[in-house]
Amino acid sequence: MDKEKRSNGGYEIIESCTIGSNELVIGYNPNAPNSYVCWYCKGGNNYFWGCYCNDLSAARESLSERYNSERQMPYNNLPAPKQKSGDDRER
């Protein structure tokens, strides 16, 4: 089954990744002054904080920078696994 195509403001979403509760996407519109954009996205349709670029490599660089920035945020870090005590029996 094909995934439904998403778009925003005339840009087709061509790449995406998720970190924590944040999604980062790259959109493409060949007719726009800046053909590529990197946005944050909430809920699959709320796009914001766009970084507009002239080529895909610049959009990917923006996505990578944003991803690495999000990785540093405490709300995106999973808690460390709890250390087991010597007694692993279920209670």
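This passage describes one helix, a group of aromatic residues and three individual residues in a predicted model.

Helix α1 comprises 16 residues, from 56 to 71, and at 1.5 Å a residue these should span 22 Å. The C-alpha atoms at the two ends of α1 are 22 Å apart in the model, which agrees with that expected span. Within α1, the buried residues are Ala-59, Ser-62, Leu-63, Arg-66 and Glu-70. These residues cover an arc of only 100° around the axis, and they are therefore placed on the same side of α1. A general property of such helices helps in reading this pattern: an α-helix has 3.6 residues a turn, so residues three or four places apart point the same way. The elements that cover the buried residues of α1 include β2 (residues 11-19), β3 (residues 22-28), β4 (residues 36-42) and β5.

One of the buried residues of α1 can be followed in further detail. Ser-62, which is found in helix α1, has a relative accessible area of 7% and is buried. When residues up to four places away in sequence are not counted, Ser-62 touches Cys-38 and Cys-51.

Turning to the aromatic residues, a search of the whole structure finds eight aromatic pairs. In the pair formed by Tyr-11 and Trp-39, the ring centres are 5.6 Å apart and the ring planes stand at 85°, so this pair is edge-to-face. Because Tyr-11 lies in strand β2 and Trp-39 lies in strand β4, the pair ties together parts that are 28 residues apart in sequence. Both partners are buried, since Tyr-11 has a relative accessibility of 7% and Trp-39 has a relative accessibility of 5%, and residues under 20% count as buried.

Tyr-11 also pairs with Tyr-52, with ring centres 5.9 Å apart and planes at 65°, so this pair is likewise edge-to-face. The pair of Tyr-11 in strand β2 and Tyr-52 in strand β5 links distant parts of the chain, the two residues being 41 residues apart. Tyr-52, at 45% relative accessibility, counts as partly exposed. Together with Tyr-47, the residues Tyr-11, Trp-39 and Tyr-52 form one aromatic cluster.

Strand β5, which holds Tyr-52 and covers residues 46-53, is also the place of Trp-49. Trp-49 is exposed, with a relative accessible area of 61%. Its backbone has a positive phi of about 50°, although Trp-49 is not a glycine. For comparison, most residues other than glycine have a negative phi.

Tyr-11 appears again in the surroundings of Asn-29, a residue placed in the loop between β3 and β4. Although Asn-29 lies in a loop, its relative accessible area is 13%, and Asn-29 is accordingly buried. Leaving aside residues up to four places away in sequence, Asn-29 touches Gly-9, Gly-10, Tyr-11 and Ser-35. With one of these residues, Gly-10, there is a contact in which the side chain of Asn-29 reaches the backbone oxygen at 3.1 Å. Asn-29 and Asn-8, which are 21 residues apart in sequence, have C-alpha atoms 9.8 Å apart in space.

Technical notes
Residues numbered from 1 in each chain as written. Predicted model: local features only at pLDDT ≥ 70, side-chain atom pairs only at ≥ 80, totals over all residues. Heavy atoms only, no water. Helix = DSSP H or I, 4+ residues; strand = E, 2+ residues; numbered from the N terminus. Buried < 20%, exposed > 50% of the residue type's maximum accessible area, 1.4 Å probe, protein only. Expected span 1.5 Å × (residues − 1). Arc of directions from axis to C-beta. Contact = heavy atoms within 4.5 Å. Phe/Tyr/Trp six-rings, centres within 6.5 Å; stacked < 30°, edge-to-face > 60°. Polar contact = N/O pair within 3.5 Å; in protein donor to acceptor, adjacent residues only side chain to side chain.
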